[in-house]
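Reader: I am new to this structure. Please show me how to read its features one by one.

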Amino acid sequence: MELFKISNFKKTHKVEIFPTYLEMNNFEIENFIQNLVMEFFEDIKVLDNQNLLELIHSKATFIDGINAMDDDFKLKKLLTNNHLDASKYCYINWGVFDLIDKFKIEDVYNYFEDIWYPSSDDIEIISEDFKRIICITHFGGISILKNSKL
């Protein structure tokens with residue numbers, strides 16, 4: 001999570017504390033990536049983090065008619081409709097799997113506009129149980145990758 005977003009959150013909401021989240025360290029990220037690959041791509045050789053990101057986006061299904069930039073967009077509805085709300089926590093990938101934060105899913109619902117910045121953030125929201133990945137592009141496009149083991 002970028003510090004300027006936390007600062008903006010505090011100014012906007014007139015509070016001193018940003019919702020609790022965990023920034024994963026390198027060891028945790030490596031384990032996370034191994035689990036993600038085993039759950040979604042166990043039969044595919046993943047060369048590196050960029051390749052993993054490309055695989056996710058190439059296999060995800062684009063959701064037509066929903067855009068995260070729309071005034072009536074509700075992340076909770078999207079996550080509930082796609083059963084991502086079953087977990088208490090989710091992970092947000094901010095780049096090429098080099099910066100991953102763990103959030104309470106409820107905080108992501110409530111503060112999505114403070115977490116995702118249109119025009120600059122391409123993110124992947126990954127369920128804690130590795131069942132689904134929701135990709136949200138910097139222009140609001142949404143695609144979903146469901147674990148084939150479901």
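Author: What follows takes a helix, a pocket and a few single residues in turn.

Author: This is a predicted model, where local features need pLDDT of at least 70, side-chain atom pairs count only at pLDDT 80 or more, and totals for chains, interfaces and linings use all residues. Residues are numbered from 1 along each chain as its sequence is written, and side-chain values use heavy atoms, with hydrogens and water left out.

Reader: How many residues does helix α2 have, and what span does it reach?

Author: Helices (H or I, at least four residues) and strands (E, at least two) are DSSP runs, numbered from the N terminus. The expected span of a helix is 1.5 Å times one less than its number of residues. Helix α2 covers residues 26–40, which is 15 residues. From first C-alpha to last it reaches 21 Å, close to the expected 21 Å.

Reader: Which residues of α2 are buried?

Author: Buried means under 20% relative accessible area, exposed over 50%, and partly exposed in between (1.4 Å probe, protein chains only). In α2 the buried residues are Ile29, Phe32, Ile33, Leu36, Val37 and Phe40. Seen down the helix axis, they fall within an arc of 130°, so they line one face of α2. That arc is taken from the directions from the helix axis to the C-beta atoms.

Reader: What covers the buried residues of α2?

Author: The cover includes helix α3 (49–59). It also includes the strands β3 (89–93), β4 (100–104), β5 (123–127), β6 (132–136) and β7 (141–146).

Reader: Which residue caps the N-terminal end of α2?

Author: Asn25 does. One of its side-chain oxygens lies 3.1 Å from the backbone nitrogen of Phe27. That is a polar contact (a pair of N or O atoms within 3.5 Å; within protein, one must be able to donate a hydrogen and the other to accept it, and residues adjacent in sequence count only if both atoms are side-chain atoms).

Reader: Now the empty space. What lines the largest pocket?

Author: Rolling a probe the size of a water molecule over the atoms shows where empty space is left. A pocket is an open set of points on a 1 Å grid over the protein atoms alone, where a 1.4 Å probe fits, with protein on both sides within 12 Å along at least five of seven lines; lining residues have an atom within 4 Å of a point. Here the largest pocket holds about 270 Å³. Its lining has 15 residues, and Phe73, Lys74, Leu75, Phe112 and Glu113 lie nearest the centre. Helices α4 (75–81), α5 (105–110) and α6 (112–115) each supply at least two lining residues.

Reader: Is Lys14 buried or exposed?

Author: Lys14 is exposed, at 72% relative accessible area. It sits in the loop between α1 (3–13) and β1 (21–23). Its phi is positive, about 55°, although Lys14 is not a glycine.

Reader: And where is Phe130 found?

Author: Phe130 is in the loop between β5 and β6. It has a positive phi of about 60° and is not a glycine either. Phe130 counts as buried, at 11%.

Reader: What does the side chain of Asn51 reach?

Author: It reaches the backbone nitrogen of Leu47, at 2.9 Å. Asn51 is found in helix α3 and is buried, at 17%. Leaving aside neighbours within four places in sequence, Asn51 is in contact (heavy atoms within 4.5 Å) with Lys45 and Val46.

Reader: Last one: what does the side chain of Thr80 reach?

Author: The backbone oxygen of Lys76, at 2.7 Å. Thr80 lies in helix α4 and is partly exposed, at 32%.

Technical notes: Grid points are joined across faces, edges and corners, and a volume is the space filled by probe spheres set on the points.
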